[in-house]
Amino acid sequence: MHKLALFRLHLIVFLWGFTAILGKLIHANADILVFYRMLFAAICLFVYIRVFKKDSIKVSKKVFFQLAAIGFSMALHWYCFFYSIKISNVSIALSCLSLSTLFASILEPLIFKRKIDISEVVMGVVIVACILLIFKTEFQYKEGIFYGVLCAIFGTIFSVFNGKMFGKTSSGNIIFYEIFSGWFILLIFYLFSGQIFSINEISYRDIALIGVLASVFTAFPMLESVNLMKYISPFTLILTVNLEPVYGIILAFFIFGESEHMSPIFYIASGVMILAIIANGLIKAKKQKTLN
């Protein structure tokens, strides 16, 4: 069962890595892409929870508004991610995601009121140095790097505050209301900004691709990651998820060719960042084992 769980885990991380590929294949603007992704994913989750599992989606008002706020940060995270891809490339957007670990090392201790881990700070310095090196060597992608950094910030906010919601309602409800709220906030924005008709500026091809993105590459991996927690440790999950940029960058290199070919320094810096994250995870695991 453990081997099967690890296979399923690597499968969903691979799917997450392929999300960036779909983001580049979809021609629609980043905001419209996120709007439909969240709409279709929310529908998929609702059908799964109410029709297949026959569970209740009832939550308290307090929990709903908390999830809505987190869902807004999720929408911003996805918007910055896809926008970074569209104005630069997949490799740049995915490499910037590594900064999430640095931001988490600062934000998580503040939210959960624990001491700052020195190893996380050191790792953060290494990652920042690598990002600065990438920025210097790939300066033509400076705007893409900027939005990639914003993507990492909003992703960290989403992840850390999401951890605070554990146990307040079912995991399925948490995911559903976050995605639904993110979509609803985008809808309100379109209505009040007078841009509601812009959501019709999308081809049937893009609608089909976003449908696949929302179901196979969003709703399914999120639900599967929750189910896998029964069989694997949170450490294993987090450590394996760090392979997402690796899968994505390799796939982009072979699928898109020349537009994804970066300088050797980019690949060296990205490799160092990923190794730093994995090393930090191993150090944490060793410390935890010592404490136990």
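In this predicted model, helices α2 and α9 cross with a right-handed sense. The axes of α2, which runs over residues 30-52, and α9, which runs over residues 204-228, come within 8 Å and cross at roughly 50°. An angle over 35 degrees but below the 65 to 115 range counts as oblique, and α2 is therefore oblique to α9. On the α2 side, the residues in contact are Leu33, Tyr36, Arg37, Phe40, Ala41, Cys44, Leu45 and Tyr48, and they meet a set in α9 that includes Ile207, Ile210, Leu213, Phe217 and Leu223. An α-helix has 3.6 residues a turn, so residues three or four places apart point the same way.

Two other helices can be checked for length, at 1.5 Å a residue.

| Helix | Residues | Expected span | Distance between end C-alpha atoms |
|---|---|---|---|
| α6 | 118-137 (20 residues) | 28 Å | 29 Å |
| α8 | 171-193 (23 residues) | 33 Å | 33 Å |

For α6 the distance between the end C-alpha atoms agrees with the expected span, and for α8 it agrees as well. Just after α8, Gly194 adopts a positive phi of about 75°.

Which residues of α6 are buried? They are Ser119, Glu120, Met123, Gly124, Ile127, Cys130, Ile131 and Ile134. Because these residues cover an arc of only 130° around the axis, they lie on the same side of α6. On the other side of α6, the exposed residues are Ile118, Val125, Leu132 and Lys136.

Technical notes:
Residues are numbered from 1 along each chain as its sequence is written. This is a predicted model: local features need pLDDT of at least 70, side-chain atom pairs count only at pLDDT 80 or more; totals for chains, interfaces and linings use all residues. Side-chain values use heavy atoms; hydrogens and water are left out. Helices (H or I, at least four residues) and strands (E, at least two) are DSSP runs, numbered from the N terminus. The expected span of a helix is 1.5 Å times one less than its number of residues. Buried means under 20% relative accessible area, exposed over 50%, partly exposed in between (1.4 Å probe, protein chains only). The arc is that of the directions from the helix axis to the C-beta atoms. Axes are lines fitted to C-alpha atoms, for helices over the stretch in contact, and angles run from 0 to 180 degrees between N-to-C directions. Angles under 35 degrees count as roughly parallel, over 145 as roughly antiparallel, 65 to 115 as roughly perpendicular and the rest as oblique. A crossing is left-handed if the near helix is turned anticlockwise from the far one by less than a right angle, and right-handed if clockwise. Contact means heavy atoms within 4.5 Å.
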